[in-house]
Amino acid sequence: MSKFWSAGVADLTPYVPGEQPQMQRLIKLNTNENPYGPSPRVLAAIRDALGADADALKLYPDPDARRFKQAIATRFGLEVANVHVGNGSDEVLANVFQGLLKHDKPILYPDITYSFYPVYCGLYGVAFENVPLTDTFEIDVDDYLKPNGGIIFPNPNAPTGRALASGEIERLLTGNPDSVVVIDEAYIDFGGETAATLIAKYPNLLVVQTLSKSRSLAGLRLGFAIGHPDLIEALERVKNSFNSYPLDRLAQAAGVAAIEDEAYFNETRQAVIASRDALTARLSALGFDVLPSTANFVFVRHPSHDAAQLAASLRERSIIVRHFKHARIAQFLRITVGTESECQALTEALKEVLGA
């Protein structure tokens, strides 16, 4: 602790992202990156953006990212006024916590969920209440039908992978007409039902998505929120009071191409879904309990083997998975769905570790 720190810095508990190791010949199944590369149209768009004007990078990018916003609006049948974009969905969420969730009453989110939420609460001074998941690690909407300053959760939830049906989300919205309900849909494209179709009906709904997962652009940092223009205006006010140029020229060009290449998007996400289903069957055959997942990862435990030891044993075999130390899920591993060959290598390594 330094005497030069501002007040409150010492009390912050920063978010710890998944490990990005430098090991060679590694099977990396710990941070839910897409196993397939981005659309070829994305790479072409970046080359075009660089080649169109050799001096383009000396100029600031469009601060409003209008082409990117228009591509998102078109895809969801919305207007540009319904769209906010940021440097990854984490930055979008930061704007959400600061612009929409800081009220007198505490916000509500699950006790097992994306671990950046409590970090933002600490950073921005947002009061919160953890709402326990059920014994089967599901969200019970009835638990959220009480006074609150806002509601946020991922759908599918992370790290559990379990999804809430659209009808339940609508029940949540009708039960909280005076609160903003934020649905964080980082993994929605791998089998869940997006709440985007409800935006026109519910002015208190905000949907947040990312291009890191289903669009294979984790390295470029592109995220967005869609909702009623009043909600979007709050986010724009926060953004333009902090960083008016969050998306660079190349990211904006890539984002447009990724959103518009629907064929490649469907091809790769369906490949991930097929691999997830096959991996679920293999892990179940090895005795693992596998939670139902509509994400690009599975959440598993073995009744006879300690999760931390399993993770360590896999690491010795150059396979990295994610282990969380939260009391309720300490015996679970979160395993990203890789390519078929990576999933097969994981299965063979687990057979060796388990003596199966």
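**At what angle do the axes of helix α3 and helix α6 cross?** In this predicted model, the answer is roughly 105°, and the two axes come within 9 Å of each other. Helix α3 covers residues 88-100, and helix α6 covers residues 229-239. Angles of 65 to 115 degrees count as roughly perpendicular, so α3 and α6 get that label. On the α3 side, look for N95, V96, Q98, G99 and L100; they meet L231, A234, L235, V238 and K239 of α6. Sorted by class, this contact has six nonpolar residues, three polar ones and one charged one.

**The whole chain, before zooming in further.** Step back for a moment and you'll find 10 helices and 13 strands in the protein chain. Its C-alpha atoms fill a box of roughly 55 × 55 × 50 Å along the principal axes. For 356 residues, a compact globule would have a radius of gyration near 21 Å, and the chain agrees with that, having 21 Å.

**Helix α1 meets helix α7.** Here's another helix pair: α1 (residues 40-51) and α7 (residues 249-260) have axes that come within 8 Å and cross at roughly 150°. The crossing of α1 past α7 is right-handed. From α1, the contact takes in R41, V42, A45, I46, A49 and L50, while α7 brings L250, A253, A254, A257, A258 and E260. Split these residues by class and you get 10 nonpolar, no polar and two charged.

**Helix α8 alongside helix α10.** What is the crossing angle of the axes of α8 and α10? It comes to roughly 10°, with the axes within 10 Å. Since angles under 35 degrees count as roughly parallel, α8 and α10 are roughly parallel to each other. Helix α10 spans residues 340-354, and α8 spans residues 262-285. In α8, the residues to pick out are S275, A278, L279, R282 and L283, which meet E340, C343, Q344, L346, T347 and L350 in α10. This contact divides into six nonpolar, three polar and two charged residues.

**A four-stranded open sheet, with α8 lying across it.** Follow the strands in the order β9-β10-β13-β12; their pairing is antiparallel, and the sheet is open. At the edges sit β9 (289-290) and β12 (322-323), each pairing on one side only. Strand β12 is joined to β13 (residues 333-336) by two bridges, and the two strands run antiparallel. To find one of the bridge pairs, start at H323, whose partner in β13 is L333. Helix α8 lies across β9, β10 (297-301) and β13, and runs at about 10° to β10.

**Two cis peptide bonds in one loop.** Which loop holds P156? The proline is in the loop between β5 (151-154) and α5 (166-175). The peptide bond from N155 to P156 is cis, with omega near 0°. P159 also has its place between β5 and α5, and the bond leading to it from A158 is cis too, with omega near 15°. For background, most peptide bonds are trans.

**A positive phi at N32.** Last stop: the loop between β1 (27-28) and α1, where N32 lies. Phi of N32 is near 60°, a positive value in a residue that isn't glycine. In general, most residues other than glycine have a negative phi.

Terms used. Residues are numbered from 1 along each chain as its sequence is written. This is a predicted model: local features need pLDDT of at least 70, side-chain atom pairs count only at pLDDT 80 or more; totals for chains, interfaces and linings use all residues. Side-chain values use heavy atoms; hydrogens and water are left out. Two strands pair if DSSP finds at least two bridges between them. Contact means heavy atoms within 4.5 Å. Axes are lines fitted to C-alpha atoms, for helices over the stretch in contact, and angles run from 0 to 180 degrees between N-to-C directions. A crossing is left-handed if the near helix is turned anticlockwise from the far one by less than a right angle, and right-handed if clockwise. Ala, Val, Leu, Ile, Met, Phe, Trp, Tyr, Cys and Pro count as nonpolar, Asp, Glu, Lys and Arg as charged, and the others, Gly among them, as polar. Angles under 35 degrees count as roughly parallel, over 145 as roughly antiparallel, 65 to 115 as roughly perpendicular and the rest as oblique. The radius of gyration is taken over C-alpha atoms; the globule rule is 2.2 Å times the number of residues to the power 0.38.
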